[in-house]
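Here are some exercises to try with a structure open on your screen. Have a go at each task before you read its solution.

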Amino acid sequence: MVHLGNSWDEVLKGEFEKDYYLQLREFLKAEYGSRVIYPDMYDIFNALKLTPYEDVRAVIIGQDPYHEPGQAHGLCFSVQKGVQPPPSLVNIFRELQSDLGIAPPRHGCLVSWAEHGVLLLNAVLTVRAHQANSHRGRGWETFTDHVIGHLNRREAPMVFILWGRNAQAKAPLITAPQHKIITGVHPSPLSAHRGFFGGRYFSRTNEYLVSRGQPPVDWEIPD
């Protein structure tokens with residue numbers, strides 16, 4: 001039903017046959033058939049396709065996809081090349097430069113992070129055009145809870161970066177002592193001034209990974 005093309009296929013074996021997912025699938029078929037939905041249906045699972053289970057070193061959890069044309073492509077906070085980086089992503093780049101001295105790229109595509117072990121996972125993986133949170137409560141939260149549960153059970157340490165209340169609601173799923181949770185205010189302009197900046201999320205992630213014998217994440221984003 002869903003083919004991810006890497007180790008997630010085995011990790012999530014049986015997930016796509018569960019009742020909740022079959023109901024979600026019927027809902028999505030109707031939505032994609034009658035409305036404008038983001039991302040493109042072939043991009044829904046890009047976070048899992050680009051970052052195999054055993055390669056995950058850090059997890060960033062977003063809310064739901066961007067809901068304006070051309071933005072969403074299956075990775076939280078990321079937009080496709082050629083699309084203006086949204087304000088939250090601009091603030092992430094600003095913090096990245098302050099933390100590690102990495103200058104903002106000329107685009108907002110975070111595929112390089114995904115390929116270097118950062119799972120960019122939204123809590124809800126689809127959305128109606130121009131309607132934030134329009135697919136909330138349809139089953140995606142159950143699916144992404146299960147993804148996080150599988151990561152929590154993995155032996156190799158990883159870091160979970162939880163920005164904002166919605167992401168932090170996933171924290172109770174992360175119980176294994178080998179993993180680290182780093183929380184912060186959401187990077188949205190509505191809240192970033194209340195403590196997002198100065199959080200050093202990227203350097204702290206790498207410091208923890210190295211302290212546990214893991215390779216650090218390469219946070220550089222090539223143009």
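The exercises below go from the overall fold to single residues, and the model they use is predicted.

**Exercise 1. The overall fold**

Work out how many helices and strands the protein has, and in what order they run.

*Solution.* Start by counting: there are 8 helices and 6 strands. Next, read from the N terminus, where the order is α-α-β-α-β-α-α-β-β-α-β-α-β-α. Then turn to the dimensions: along its principal axes, the C-alpha trace spans about 45 × 40 × 30 Å. A compact globule of 223 residues would have a radius of gyration near 17 Å, and the protein agrees with that because its own value is 17 Å. Finally, look inside: 55% of the 223 residues count as buried. Among contacts with a separation of 6 or more, 67% come from residues 24 or more positions apart.

**Exercise 2. Two helices that meet**

Describe how helix H2 (residues 19-34) and helix H6 (residues 140-152) cross, and find which residues make the contact.

*Solution.* First, choose what to report: two packed helices are described by the angle and the distance between their axes. Here the axes of H2 and H6 come within 9 Å and cross at roughly 130 degrees. An angle over 145 degrees would count as roughly antiparallel, and 65 to 115 as roughly perpendicular. H2 and H6 are therefore oblique to each other. The crossing of H2 past H6 is left-handed. Now list the residues: H2 contributes Tyr20, Tyr21, Leu24 and Leu28, while H6 contributes Trp140, Thr142, Phe143 and His146. Sorted by class, the H2 contact with H6 has 6 nonpolar residues, 2 polar ones and no charged ones.

**Exercise 3. The last helix and its cover**

Find which residues of helix H8 (201-211) are buried, and what covers them.

*Solution.* Begin with the buried residues of H8: these are Tyr201, Phe202, Ser203, Thr205, Asn206, Tyr208 and Leu209. As a reading aid, an α-helix has 3.6 residues a turn, so residues three or four places apart point the same way. The cover over the buried residues of H8 includes strand S2 (58-62), helix H4 (87-100), helix H5 (111-115), strand S5 (159-163) and S6. Just past the helix, Gly213 follows H8 with a positive phi near 80 degrees.

**Exercise 4. A histidine in a loop**

Locate His186 and decide whether it is buried, partly exposed or exposed.

*Solution.* His186 sits in the loop between strand S6 (180-184) and helix H8 (201-211). Buried means under 20% relative accessible area and exposed means over 50%. At 26%, His186 is therefore partly exposed. Setting aside neighbours within four places in sequence, the contacts of His186 are Phe77, Ser88, Trp163, Gly164, Ser191, Ala192 and Phe196. From His186 to Tyr201 there are 15 residues in sequence and 12 Å in space, C-alpha to C-alpha.

**Exercise 5. Backbone exceptions**

Inspect the backbone at Pro39, His130 and Arg200.

*Solution.* Keep the rule in mind: most residues other than glycine have a negative phi, and most peptide bonds are trans. The bond from Tyr38 to Pro39 is cis, with omega near -5 degrees. Pro39 belongs to the loop between strand S1 (37-38) and helix H3 (46-50). His130 is not a glycine, yet its phi is positive at about 65 degrees. His130 lies between strand S4 (127-128) and H6, in a loop, and is exposed at 51% relative accessible area. Arg200, also not a glycine, has a positive phi of about 50 degrees. Arg200 is in the loop between S6 and H8 and counts as partly exposed at 36%.

Technical notes:
Residues numbered from 1 in each chain as written. Predicted model: local features only at pLDDT ≥ 70, side-chain atom pairs only at ≥ 80, totals over all residues. Heavy atoms only, no water. Axes fitted to C-alpha atoms, helices over the stretch in contact; angles between N-to-C directions. Helix = DSSP H or I, 4+ residues; strand = E, 2+ residues; numbered from the N terminus. Parallel < 35°, antiparallel > 145°, perpendicular 65-115°, else oblique. Left-handed = near helix turned anticlockwise from the far one by under 90°. Contact = heavy atoms within 4.5 Å. Nonpolar A, V, L, I, M, F, W, Y, C, P; charged D, E, K, R; others polar. Rg over C-alpha atoms; globule rule 2.2 N^0.38 Å. Buried < 20%, exposed > 50% of the residue type's maximum accessible area, 1.4 Å probe, protein only.
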